[in-house]
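Let us work through this protein by asking a few questions and reasoning towards each answer with care.

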Amino acid sequence: GPPGTPAVTPAATTAPATAAVRPALQDVIEQDPRYVVGISYPAVANQYPGLAAELRRYAEAARSELMQAVHGLGTGKPSAPYELSLASTELSATPKLVTIAADGSTYTGGAHGNPLVARFNWLPGDQRLLTAQALFPDAKAWPALSAFVREQLHAALSQRADADEMPPTE
């Protein structure tokens with residue numbers, strides 16, 4: 001290979017490559033009288049198999065939770081179909097960092113659905129996710145980070161409630 005390319009024995013590449021090969025991410029639309037599933041992926045994710053695997057894992061975990069609730073219905077049918085809606089979109093893609101937003105919700109009965117919110121920051125050069133733990137490895141930082149995030153979420157919720165003119169009881 002080119003200079004700087006590590007030498008790899010055939011035995012080392014055959015087994016992991018075979019195990020790691022997965023089909024490209026494809027959008028999912030499923031409808032049934034008891035449930036609806038809609039999952040979409042950005043095209044950029046298929047350029048990075050490790051990122052695609054992380055997005056697939058997240059979506060499959062959400063789908064698995066929905067299907068557990070559907071199976072819990074037995075032969076019954078909900079008054080409104082259970083639902084999983086998950087859209088992953090590209091926020092940015094540079095040679096150093098690819099950021100994907102996964103936003104959606106699940107509904108398994110009740111007054112409203114549950115939000116799904118995740119962000120995936122992929123480092124193409126390292127072929128790995130950039131995690132919050134990697135950014136803030138010192139456990140002593142987490143209480144301050146948590147307090148800051150909580151304050152920001154409360155402020156956003158308050159602004160949204162005011163904008164939507166929600167009654168105080170809601």
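Buried means under 20% relative accessible area, exposed means over 50%, and partly exposed covers the values in between. The model discussed here is a predicted one.

Q: Is R119 buried, partly exposed or exposed?
A: The relative accessibility of R119 is 42%, and the class in between the cut-offs runs from 20% to 50%. R119 therefore counts as partly exposed.

Q: Which residue forms a salt bridge with R119?
A: Side chains of opposite charge can pair when their charged atoms come close. The closest N and O atoms of the salt bridge made by R119 are 3.2 Å apart, and the pair links distant parts of the chain, with R119 in strand β5 and its partner in strand β4, 16 residues apart. That partner, at 31% relative accessibility, also counts as partly exposed, and its name is D103.

Q: Which element gives the largest share of the lining of the largest pocket?
A: The largest pocket has a volume of about 270 Å³, and its lining includes R119 and F120. Both β5 and α3 supply at least two residues of this lining, but the largest share, five residues, comes from β5.

Q: Which element gives the largest share of the largest nonpolar core?
A: In soluble globular proteins, nonpolar side chains tend to be buried together. The largest nonpolar core here has 28 residues, and L51, L84 and F120 are among those with the most contacts inside it. Several elements give two or more residues to this core, including β2, β3 and α2, and the largest share, nine residues, comes from α2.

Terms used
Residues are numbered from 1 along each chain as its sequence is written. This is a predicted model: local features need pLDDT of at least 70, side-chain atom pairs count only at pLDDT 80 or more; totals for chains, interfaces and linings use all residues. Side-chain values use heavy atoms; hydrogens and water are left out. On a 1 Å grid over the protein atoms alone, a cavity is a set of points where a 1.4 Å probe fits but cannot get out, and a pocket is an open set with protein on both sides within 12 Å along at least five of seven lines; lining residues have an atom within 4 Å of a point. Grid points are joined across faces, edges and corners, and a volume is the space filled by probe spheres set on the points. Helices (H or I, at least four residues) and strands (E, at least two) are DSSP runs, numbered from the N terminus. A nonpolar core is a set of buried Ala, Val, Leu, Ile, Met, Phe, Trp, Tyr and Cys residues joined through side-chain atoms within 4.5 Å. Buried means under 20% relative accessible area, exposed over 50%, partly exposed in between (1.4 Å probe, protein chains only). A salt bridge is a side-chain nitrogen of Lys or Arg within 4 Å of a carboxyl oxygen of Asp or Glu.
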